[in-house]
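Trainee: Please give me a close look at one part of this model. I would like to follow how strands pair, and then what sits around them.

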Amino acid sequence: MIYNIFPSLIHVIEISSFKKVQDEIIKYVYSEKKKNPKANVHSNRGGWQSHKEYHMDENILNVTIKNEVVDYFTNNRILKEYVELQFGSMWININGKGAYNILHIHPQCDLAGVFWIKIPKDSGSFSFDSPYFHSGWNELKSYSDEFARKMLAYPDFNFTPTEGVIMLFPSTLYHQVKTNESRQDRISASFNISLSP
């Protein structure tokens, strides 16, 4: 018998009405870049990353993310009744051809999130490193492919992003965005959440 304990919980929220607002969100994103053309540099290499205050006002990005995330946790009764979601930083990422995001974490919060807005083919996968990457390196590399697949026992794990999806994950998980090989921009928004009992 094998117990797969202490998993990293990855929440995936599909926005059913996304196609209705996608063009409006993309238009908003490019208008923000036009207003503030100088990119902030954090994990991004190439591309454009905005300031981190989009959670502060009632813009389409903030409203869409907050409504979907709050509905997801409420409708699925995931959190205890007295726990509140506090949205922190929220920012826009536009990665053109050749741009990527290096391996990083989101400190000073509990959950990190990404909202995939425009994802052309070959624009880069989203990759997590195992939290046991260092301490369990030899063990993780020793399992057969079949066993590793069955138990999700990988040193790293890649997701193919999908437009209209929000992914939430522990902020301590190291993650990166692989290089955009497409000629089109890849657009996403990232954000942080603290859980307040």
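Mentor: Start with a rule: two strands pair if DSSP finds at least two bridges between them. Keep in mind that this is a predicted model.

Now apply the rule to strand E6, residues 111-118. E6 and E11 are joined by 7 bridges, and the two strands run antiparallel. One place to check is leucine 111, which stands opposite isoleucine 193 in E11. Turn to the other partner of E6. Strand E9, residues 165-170, is joined to E6 by 6 bridges, again antiparallel. Here phenylalanine 115 has isoleucine 166 in E9 as its bridge partner. What about cover? Of the 8 residues in E6, 8 are buried.

Step outward from E6. E9 also pairs with E1, in the antiparallel sense, over 4 bridges. Glutamate 14 finds its bridge partner in E9, at valine 165. Put the pieces together and you get an open sheet of 6 strands, in the order E1-E9-E6-E11-E4-E3, with antiparallel pairing. Its edge strands are E1 and strand E3 (48-49), and each of them pairs on one side only.

Next, look at side chains in this sheet. A search of the whole structure gives 13 aromatic pairs. One of them is phenylalanine 87 with phenylalanine 191. Their ring centres are 6.2 Å apart, and the planes make an angle of 35°. The pair counts as tilted because that angle is neither under 30 degrees nor over 60. Where do the two rings come from? Phenylalanine 87 lies in strand E4 (residues 84-95), and phenylalanine 191 lies in strand E11 (residues 186-196). They are 104 residues apart, so the pair links distant parts of the chain. Both phenylalanine 87 and phenylalanine 191 are buried.

Stay in strand E4 for one more residue, glutamine 86. Is glutamine 86 buried, exposed or partly exposed? Its relative accessibility is 40%, so glutamine 86 counts as partly exposed. In sequence, glutamine 86 and aspartate 110 are 24 residues apart. In space, their C-alpha atoms are 9.8 Å apart.

There is a second sheet. This one is open too, with 5 strands in the order E2-E5-E10-E7-E8 and antiparallel pairing. Strand E2 (44-45) and E8 are its edge strands, each pairing on one side only. Begin with strand E7, residues 126-129. E7 and strand E8 (residues 156-159) are joined by 4 bridges and run antiparallel. Across that pairing, phenylalanine 126 stands opposite phenylalanine 159. E7 also pairs with strand E10 (residues 175-177), over 3 bridges, in the antiparallel sense. There, phenylalanine 128 has histidine 175 as its bridge partner. E10 in turn is joined by 2 bridges to strand E5 (residues 100-104), antiparallel once more. Asparagine 101 stands opposite valine 177 in E10.

Which way do the side chains of E7 point? Phe126 and Phe128 point one way, while Ser127 and Asp129 point the other way. All four are buried. Phe126 and Phe128 also belong to a cluster linked by ring pairs. The other members are Trp116, Tyr154, Phe157, Phe159 and Phe169.

Now for charges. Side chains of opposite charge can pair when their charged atoms come close. The count here is 3 salt bridges. One is between lysine 19 and glutamate 163, at 3.4 Å, N to O. Lysine 19 is in helix H1 (residues 18-35), and glutamate 163 is in the loop between E8 and E9. That is 144 residues apart in the chain. Lysine 19 is exposed because its relative accessible area is 61%. Glutamate 163 has 28%, so it is partly exposed.

Compare glutamate 32 and lysine 35, whose closest N and O atoms are 2.8 Å apart. Both lie in helix H1, 3 residues apart, about one turn of the helix. Glutamate 32 is buried, with a relative accessible area of 6%. Lysine 35 is exposed, at 59%.

A charge can also meet a ring. The charged end of lysine 52 sits over the ring of tryptophan 91, 4.3 Å from its centre.

Notes. Residues numbered from 1 in each chain as written. Predicted model: local features only at pLDDT ≥ 70, side-chain atom pairs only at ≥ 80, totals over all residues. Heavy atoms only, no water. Phe/Tyr/Trp six-rings, centres within 6.5 Å; stacked < 30°, edge-to-face > 60°. Buried < 20%, exposed > 50% of the residue type's maximum accessible area, 1.4 Å probe, protein only. Lys NZ or Arg CZ within 6 Å of the ring centre and 35° of its normal. Salt bridge = Lys/Arg side-chain N within 4 Å of Asp/Glu carboxyl O.
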